[in-house]
Amino acid sequence: MRPTVSATTAVKLRVEGLAKRYATGDRALTDVSLALPAGQVLGLIGPSGAGKSTLIRCINRLVEPTAGRVLLGETAVTDLGRSGLRRARRRMGMIFQEYALVERLTVMENVLSGRLGYVPFWRSWLRRFPPADIARAFRLLDRVGLREQADKRADALSGGQRQRVGIARALAQEPEILLVDEPTASLDPKTSRQIMRLLREVCAERGLAAIVNIHDVALARQFMMRIVGLRDGRIVYDGAPEGLSPEVLTAIYGEEDWSAAGEAGAGRDAGPDVPDDDQLAAAL
Amino acid sequence: MTPSPGAPAVVDGPTRWRRPPLIADARLRWALLLGALAYLVIGIGSLTVNWGRAAEGWERGLRFLAGFVQPDFVSRWGDIQQGLTESLTMTLTATVVGVLISVPIGIGAARNLAPLPVYLVCRAIVAVSRSLQEIIVAILFVAMVGFGPLAGFLTLAFATIGFLAKLLAEDIEDIDKAQVEAIRAAGASWLQTLNYGVQPQVMPRLIGLALYRLDINFRESAVIGIVGAGGVGSTLNTALDRYEYDAAAAILLLIIAIVMVAEYASSWIRRQVQ
């Protein structure tokens, strides 16, 4: 079924005419527009350098867009000043490639760092978070199955465990949407699927919408509700995962033999998983 | 015969290969090498050695070394004790004050955290502090505040700022950006980003550098005492002026012992905080 933005579904995030041009003159994004309804998990696919990371970073303005608007609910994120932006960022949880946990802090501190936008400096500095925040953090660690690891340092965990902490940290913000940047790029195929499943589950539990950058087409087909294909900073496909025909994949990635790229919807992968460079690097 | 996959391929390319030289032009390469060699020879040739003075000094040097065989800790113990206490006091206070001042300057001198004007000012402070050698600074402070450990304290604190702020700034510039980005993305303020995203990444190095600087400051305190900035250096200077080489040897042995203790202690602490 083709997900559509009906009048009854509230649009959580709207991106209008977004463009990013770096100081070097490189155009990373050109006239990107999309609307994300509540509860939708959208997969952003495209070749390396297509602008996937830039797009989600322009949404919470870790990267400043050159033109266009980002609307989070009623808030025009692109018009906000410094403190307004802080408040808006609290509403957008971000999950990173390579986890981006603070390695030398404990798991608990990492989860609580999701509350930094809500607490004054002295509380965060003395690690005196409000009791409700601590209770929430423990609940989240329970949810991702890491309660026992709360006092361990983040660098003592395995890759899959670290990404679970990353998810708990993002959820600690009580966000309205999730921005997810290549969450499984450095994980093995099995852990990747577990993490994707967990992401889908927490989105469903909380009615969260999410934009997920993903470079594994099979994973995108299996776990995403809608696919947006980027090529050279432009949207070249926006539709259902089932619509990813060889012609569409060629439009996104360029000419290639797509016959082994996995069939849609069947919930299984056609053929053995060919490891990509990151997975090989992680295995070595 | 069936070809196996591991069999060597037929050689049809070049079999000789040399690493490309750093300087491609062979004539320039040789000219630079020979030029440097000639300069070295001429430079050594221009040193005038007064052999008579050297022979005379040889004897004095031997007497100095003989002092190490029988160091005299006893007859000047009062002076030595006072000098060491003074040195240790000014080392510790100067290091603590220097570190406290250099942390904000180091943050300001890190290009990835500070805006350009702040960066330039902090880099200028670092450059001034580093370009003035301790002895020169000590002479200046002795002129300003008089003989004694206060001048030494000011000198060492000043030198600590340049050293620590520069190395801290470089460490901050090398941190993993993703961790900082993640903290910013959660809506953290600048101070919170510093506390959560930056501090955990640089803290072990900051502690290590501070301990190392404590070490250096103690050794420097022995040197700047010679120009009147107090501490064990003044005691050492007095002993040398009086040709009391046995007492001087005792002082030097104590300095070596303290530096060694500090060295082992700091490497142990650094291992603990990693």
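User: Which side chains meet in a salt bridge with an N to O distance of 2.9 Å?

Analyst: Happy to start there, keeping in mind that this is a predicted model. The rule asks for a Lys or Arg side-chain nitrogen within 4 Å of a carboxyl oxygen of Asp or Glu. Across the interface of chain B and chain A it finds one such salt bridge. At 2.9 Å, N to O, the pair is Arg57(A) and Glu181(B).

User: Which helices of chain B each supply at least two residues of the side that touches chain A?

Analyst: By class, that side of chain B has ten nonpolar, seven polar and two charged residues. The helices that each supply at least two of its residues are α7 (177-185) and α8 (190-224).

User: How many residue pairs are in polar contact between chain B and chain A?

Analyst: Let's set the scene with the contact itself, which takes 30 residues from chain A and 19 residues from chain B. With both residues at pLDDT 80 or more, the count of pairs in polar contact is twelve.

User: What area is buried between the two chains?

Analyst: Carbon and sulfur atoms give 55% of this buried area. The total between chain B and chain A is about 2,200 Å².

User: And chain A on its own: what share of its residues is buried?

Analyst: Good one to finish on! Chain A has ten strands and ten helices. Among its contacts with a separation of 6 or more, 69% join residues 24 or more positions apart. Counting as buried those under 20% relative accessible area, the share of the 284 residues in chain A is 52%.

How values were computed: Residues are numbered from 1 along each chain as its sequence is written. Chains are lettered from A and ligands numbered from 1 in the order in which they are written. This is a predicted model: local features need pLDDT of at least 70, side-chain atom pairs count only at pLDDT 80 or more; totals for chains, interfaces and linings use all residues. Side-chain values use heavy atoms; hydrogens and water are left out. Contact means heavy atoms within 4.5 Å. Buried area is the accessible area (1.4 Å probe) that two parts lose on being put together, summed over both. A polar contact is a pair of N or O atoms within 3.5 Å; within protein, one must be able to donate a hydrogen and the other to accept it, and residues adjacent in sequence count only if both atoms are side-chain atoms. Helices (H or I, at least four residues) and strands (E, at least two) are DSSP runs, numbered from the N terminus. Ala, Val, Leu, Ile, Met, Phe, Trp, Tyr, Cys and Pro count as nonpolar, Asp, Glu, Lys and Arg as charged, and the others, Gly among them, as polar. Buried means under 20% relative accessible area, exposed over 50%, partly exposed in between (1.4 Å probe, protein chains only).
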